[in-house]
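Please walk me through this protein model, from the overall fold down to individual residues. Plain running paragraphs will do.

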Amino acid sequence: WLAAHDPEEVDLYCIGFQELDNSGWALLLGDTSQSPPWELAVRSNLPKPEQCTLVAAQQLVGMLVLLYLRKHEPQSELPSSSASGDNSIALFGEPSSTPSHSRPKLNTQMIKRVATSVCATGFMGVMGNKGATAVRFDLGDTPVCLVNCHLTPHVGNLARRNSDFHN
């Protein structure tokens, strides 16, 4: 599914996992050793993996969020909307009306102030079997925050999920 689109159409990939390692030792020790093999596996399955670089990774026991950027040469400046027409970014798999060869390409100079964080909400509010991993960055002048969460399941735990989310 990562290769379902034209590789030139996607510049940024954010992949979130849950339940990578829920062993007792991982929970007790906060083990994050599972991240490197998954980073490699995801990158090798991206379209044109040699053009992709890992921008951020954050693991909380069984949760992992990975952010990859397709490398492009920095452009001298981004075209303005009035000069080149529609420069909107397609969201949620919608095809962009701008041909991929004419739209602005992301590059590492456009991604600034990258930071990651975790929040454990599992047993007693501190265990990492439930919670969230997140990555935030500035895309040009726009702040972006992507959250990967794994919260308490089942309909009867709605109040707990909402409480964990708000805390």
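In this predicted model, 60% of the contacts between residues at least 6 apart in sequence join residues at least 24 apart. The protein chain has four helices and six strands, and their order along the sequence is β-α-α-β-β-α-β-β-β-α. The chain has 167 residues, and 33% of them count as buried. Its exposed surface comes to about 10,100 Å², with carbon and sulfur atoms supplying 58% of that area.

Cys52 is a residue where long-range contacts can be followed one by one. Cys52 belongs to strand 2, which covers residues 52–60. Its relative accessible area is 1%, so Cys52 is classed as buried, the limit for that class being under 20%. Once neighbours within four places in sequence are set aside, Cys52 is in contact with Arg43, Leu46 and Pro47, and also with Leu69, Arg70 and Lys71. Tyr13 is 39 residues away from Cys52 along the chain, and the C-alpha atoms of the two are separated by 9.3 Å.

Other cysteines have more open surroundings to consider. Cys14 has a relative accessibility of 35% and therefore counts as partly exposed. Cys119 has a relative accessible area of 36% and is partly exposed. The structure holds zero disulfides. For Cys14, the nearest cysteine sulfur is that of Cys145, 9.6 Å away. A disulfide requires the two sulfur atoms to lie within 2.5 Å, so Cys14 is in no disulfide.

The next feature is a pocket. The second largest pocket holds about 200 Å³ of space, and 13 residues line it. Strand 4 (111–120), strand 5 (131–139), strand 6 (142–150) and helix 4 (158–166) are the elements that each give two or more residues to this lining. Nearest the centre of the pocket lie Ala132, Val147, Cys149, Asp164 and Phe165. By residue class, the lining divides into eight nonpolar, four polar and one charged.

Helix 4 also contains Asn162. With a relative accessibility of 40%, Asn162 counts as partly exposed, because that class takes in values between 20% and 50%. Thr152 is 10 residues from Asn162 in sequence, and the C-alpha atoms of this pair are 9.6 Å apart in space.

What remains is the backbone. Most residues other than glycine have a negative phi. Which residues depart from this here? One of them is Glu19, which is not a glycine yet has a positive phi of about 60 degrees. Glu19 sits in the loop between strand 1 (12–17) and helix 1 (24–29). Its relative accessible area is 49%, so Glu19 is still partly exposed, as the exposed class begins over 50%.

Arg113 also has a positive phi, near 50 degrees, and is likewise a residue other than glycine. Arg113 is found in strand 4, one of the elements that contribute two or more residues to the lining of the second largest pocket. At 59% relative accessibility, Arg113 is over the 50% limit and therefore counts as exposed.

Definitions and conventions:
Residues are numbered from 1 along each chain as its sequence is written. This is a predicted model: local features need pLDDT of at least 70, side-chain atom pairs count only at pLDDT 80 or more; totals for chains, interfaces and linings use all residues. Side-chain values use heavy atoms; hydrogens and water are left out. Buried means under 20% relative accessible area, exposed over 50%, partly exposed in between (1.4 Å probe, protein chains only). Contact means heavy atoms within 4.5 Å. Accessible areas come from the Shrake-Rupley method with a 1.4 Å probe; for residues, only the protein chains shown count as cover. On a 1 Å grid over the protein atoms alone, a cavity is a set of points where a 1.4 Å probe fits but cannot get out, and a pocket is an open set with protein on both sides within 12 Å along at least five of seven lines; lining residues have an atom within 4 Å of a point. Grid points are joined across faces, edges and corners, and a volume is the space filled by probe spheres set on the points. Ala, Val, Leu, Ile, Met, Phe, Trp, Tyr, Cys and Pro count as nonpolar, Asp, Glu, Lys and Arg as charged, and the others, Gly among them, as polar.
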